[in-house]
Amino acid sequence: MAGLMATACNSFLDLEPMSALSPEQYLTTEDNLASYANDLYAIFPGHGENEWGRWSDDNNTDNMAYMAPSDIFAPGYWRVAQTGGSYSFSEIYRCNYFLDFVLPLYDAGEITGIDANIRHYIGEVYFFRAWSYFSKLKALGDFPIVKEPLDDNLEVLTEASKRAPRNEVARFILEDLDMAISYMSEVPPIGGANRLDKDCARLF
């Protein structure tokens, strides 16, 4: 009885977690890459709940005055947030994580699916990293250029957080767009009528 229990326990402990997928299991098929890229579409701004939402980025700029005044113009009220905001790296980290994990697998031919579709989804992630960096360029100008996911280590993060000049940030955005153009298809994969394509990257 004890022998049977020990055998059963060992085989059970060797099983992969059934309630969660590890990256080694997840980012190895065309469908998985598509799902990951789908989630990044939330990076794009929405249109808001009313007619002003379409142009909300122009609120209280030299282009448009909004109906409600902004704290920007009141002395002492415009403060830098303690977390998040324009200095958040969450979107950039997600793109870096994908590219750092998927590109070696793709180069080794270890991702299953249609090659053109796999390349397209990789191109979309390059596009989204460029989009994220463009929002940082608009908001902050100089910004750290981080091309890989970093360990949660204070020294590493401090070194990587040094801001690069804005012209280098702009050049990095263009490099990512060139990569997106080289990977993406002229026509998105089947069923992707609402997906980005090569012309979107050219236009951006």
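What follows is a walk through the helix packing of this predicted model, with a few individual residues examined along the way.

A convenient starting point is helix α5, which runs from residue 115 to residue 140. At 1.5 Å a residue, its 26 residues should span 38 Å, and the C-alpha atoms at its ends are 38 Å apart, which agrees with that expectation. Just beyond the helix, glycine 141 adopts a positive phi of about 75 degrees.

Two packed helices are described by the angle between their axes and the distance between the axes. In the pairing of α5 with helix α7, residues 166-183, the axes come within 8 Å and cross at roughly 160 degrees. Since an angle over 145 degrees counts as roughly antiparallel, α5 and α7 are therefore roughly antiparallel to each other, and the crossing in which α5 passes α7 is left-handed. On the α5 side the residues that meet α7 include Ile122, Tyr126, Phe127, Ala130, Tyr133, Phe134 and Leu137, while those of α7 include Val169, Ala170, Phe172, Ile173, Leu177, Met179 and Ala180. Charged side chains take part too, among them Arg119 and Arg129 from α5 and Arg166 and Asp176 from α7. Sorted by class, the residues of this contact comprise 15 nonpolar, three polar and four charged.

Helix α4, residues 90-107, can be read in a similar way: its 18 residues reach 26 Å from the first C-alpha to the last, close to the 26 Å expected at 1.5 Å a residue. Glycine 109 follows α4 and has a positive phi, near 70 degrees. The buried residues of α4 are Ile92, Cys95, Asn96, Phe98, Leu99, Val102, Leu103, Leu105 and Tyr106, and these pack against α3, α5 and α7. The axes of α3 and α4 lie 11 Å apart at an angle of about 165 degrees, which makes α3 roughly antiparallel to α4. Here, α3 passes α4 in a left-handed crossing. The contact is formed by Leu33, Tyr36, Asp39 and Leu40 from α3 together with Arg94, Cys95, Tyr97, Phe98 and Val102 from α4, and it holds seven nonpolar residues, no polar ones and two charged ones.

Returning to α5, which residues further along the chain does histidine 120 touch? Histidine 120 sits in this helix and counts as buried because its relative accessibility is 0%. Apart from neighbours within four places in sequence, histidine 120 is in contact with Tyr183, Met184, Ser185, Pro188, Pro189, Leu196 and Asp197.

One of those partners, proline 189, belongs to the loop between α7 and α8 and is itself buried, with a relative accessible area of 6%. Although proline 189 and asparagine 117 are 72 residues apart along the chain, their C-alpha atoms are separated by 5.9 Å. Setting aside residues up to four places away in sequence, proline 189 touches Asn117, His120, Tyr121 and Arg195.

The last residue to consider is phenylalanine 204, in the segment after α8, which at 28% relative accessibility counts as partly exposed. Its contacts, leaving aside neighbours within four places in sequence, are Phe127, Ala130, Trp131, Phe134 and Leu177. Of these, Phe127, Ala130 and Phe134 of α5 and Leu177 of α7 also appear in the contact between those two helices. The C-alpha atom of phenylalanine 204 is separated by 9.4 Å from that of leucine 174, 30 residues apart along the chain.

Notes
Residues numbered from 1 in each chain as written. Predicted model: local features only at pLDDT ≥ 70, side-chain atom pairs only at ≥ 80, totals over all residues. Heavy atoms only, no water. Axes fitted to C-alpha atoms, helices over the stretch in contact; angles between N-to-C directions. Helix = DSSP H or I, 4+ residues; strand = E, 2+ residues; numbered from the N terminus. Parallel < 35°, antiparallel > 145°, perpendicular 65-115°, else oblique. Left-handed = near helix turned anticlockwise from the far one by under 90°. Contact = heavy atoms within 4.5 Å. Nonpolar A, V, L, I, M, F, W, Y, C, P; charged D, E, K, R; others polar. Expected span 1.5 Å × (residues − 1). Buried < 20%, exposed > 50% of the residue type's maximum accessible area, 1.4 Å probe, protein only.
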